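Please describe this structure for a reader who is meeting it here, taking its helices, sheets and pockets in turn. A report in running text with one small table would be welcome.

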Amino acid sequence: MALHHDRLALMSNTNLLYHTDSTCTEFVADVVGVEQAGDRQAVCLDRTAFYPTSGGQPHDTGRLGSVRVVDVVAREDGSVWHIVEAASVPSLGQVLQGNVDWARRFDHMQQHTGQHILSAELARLANAQTVGFHLGSDKVSIDLDRSLLPEEIAEAESAANEVVWDDRPVTVRFVTVDEAVKLELRKPSIRTGRIRLVEIRGCDLSACGGTHVKNTGSVGVIAVCRAERFKSGTRLEFVCGDRALHHFRRQRNQLEGCVRLLS
C-alpha cells in the first residue's frame, strides 16, 4: 500500500469497537501510523469504529477529525488502516475524533442481519446452504448450493420475515476454537484464535465479523427480488429495510409509467 511511512510502534490488533457495539459511530483514538497510499494517505489508529471491507460487507465511510475517510482496509497483522481524502493528514501521536456515517452503517447492518436470517431459514426449510454472500450498493445476493423451486423460496422468505417481525434479540459473544466446534453453528468456522459469534435467538448462530442490528425488528422487511441459476445452485437477490422501500417505489413508478403509456 505504501512507499513512505511513519509509525510509532507495531500496529497489530487494532481495537475493533464495532465488534462489541455496532451502533458505535463516534470515538476518540490515537494515530499510530501514517502511510502514503497512492495519491492519498492511510492512517492507522489504536482503536476504531470503522468497519473495513471483509466477509462480503463493504467498508464504512465518515470522517477522522477534519479529513474524509473513503476506504478502510484490514491487514493480516490485525491492524486497520483508514484511507483519507486530504492534502494534509494527521500526525503520529495525534488524538482524533472519528465519526462513522450512520446512514451507511445502519443500511449495512440491516442487510447483513437480513442475510443471516434468510440464509438460516433456507437451510432449515429447504436444506440449501449459503456458499457465497455479497452486499452491493443496491441489492444483496447469496449463492446457494442447490437449485430451488419458487415455492421453496417463498416459504423461506415468509419464515424469515416472521423472525424479523418477532423482534428477536441479536447478540454477540466470543469463543475459542475448541468451544466453537461443540456448538451448532450454521456452518463450521474456519477461523482461528478468538471467534466472534452472532446469534439470532431461535434462528441462527454463525461465526461473523460484520455489523448487525440489536433486534431483528430493525431489519424491517426481507424481500426477494430475483432468483437465477448459478453454477449448480441458485443465486438470490434481495433487499432489506430502507432498500426494500426504495425498491418498491421504483417498481411502483415503473408500473405507473407503463400504465400511462398504455392508456
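## Helix H2 and its surroundings

In helix H2, the residues Glu-152, Ile-153, Ala-156, Ala-159, Ala-160, Asn-161, Val-163 and Val-164 are buried, where buried means under 20% relative accessible area, exposed over 50% and partly exposed in between, with a 1.4 Å probe and protein chains only. The model is a predicted one, in which local features need pLDDT of at least 70 and side-chain atom pairs count only at pLDDT 80 or more, while totals for chains, interfaces and linings use all residues. Residues are numbered from 1 along each chain as its sequence is written, and side-chain values use heavy atoms, with hydrogens and water left out.

Helices (H or I, at least four residues) and strands (E, at least two) are DSSP runs, numbered from the N terminus. The cover over the buried residues of H2 includes helix H1 (102-126), strand E13 (195-200), strand E15 (222-230) and strand E16 (233-240), with contact meaning heavy atoms within 4.5 Å. The expected span of a helix is 1.5 Å times one less than its number of residues; the 16 residues of H2 (residues 150-165) should therefore span 22 Å, and the end C-alpha atoms of H2 are 23 Å apart, which agrees. Just after H2, Asp-167 takes a positive phi of about 50°.

## Two open sheets

Two strands pair if DSSP finds at least two bridges between them. One open sheet has four strands in the order E10-E11-E16-E15, with antiparallel pairing. E10 and E15 stand at its edges, each with a single partner strand, so one side of each is left without a neighbour in the sheet. Within this sheet, strand E11 (residues 140-144) and E16 run antiparallel and are joined by five bridges, and Val-140 stands opposite Phe-238 in E16.

Another open sheet has three strands in the order E12-E13-E14, also with antiparallel pairing. Here strand E12 (170-175) and strand E14 (204-207) are the edge strands, each with a single partner strand, so one side of each is left without a neighbour in the sheet. E13 and E14 pair in the antiparallel sense over four bridges, and Val-198 stands opposite Ser-206 in E14.

The table gives the helix directions against strands of these sheets. Axes are lines fitted to C-alpha atoms, for helices over the stretch in contact, and angles run from 0 to 180 degrees between N-to-C directions.

| Helix | Strands it lies across or touches | Angle |
|---|---|---|
| H1 | E12, E13 and E14 | about 70° to E13 |
| H1 | E10, E11, E15 and E16 | about 140° to E16 |
| H2 | E15 and E16 | about 150° with E15 |

## The largest pocket

How many residues line the largest pocket? The lining has 42 residues, of which His-19, Arg-191, Cys-208, Gly-209 and Gly-210 lie nearest the centre of the pocket. On a 1 Å grid over the protein atoms alone, a pocket is an open set of points where a 1.4 Å probe fits, with protein on both sides within 12 Å along at least five of seven lines, and lining residues have an atom within 4 Å of a point. E10 gives the most to the lining of the largest pocket, with four residues.

## An exposed loop residue

Ala-87 lies in the loop between strand E8 (80-85) and strand E9 (95-100). At 86% relative accessibility, Ala-87 counts as exposed. Ala-87 and Val-67 are 20 residues apart in sequence and 9.1 Å apart in space, C-alpha to C-alpha.
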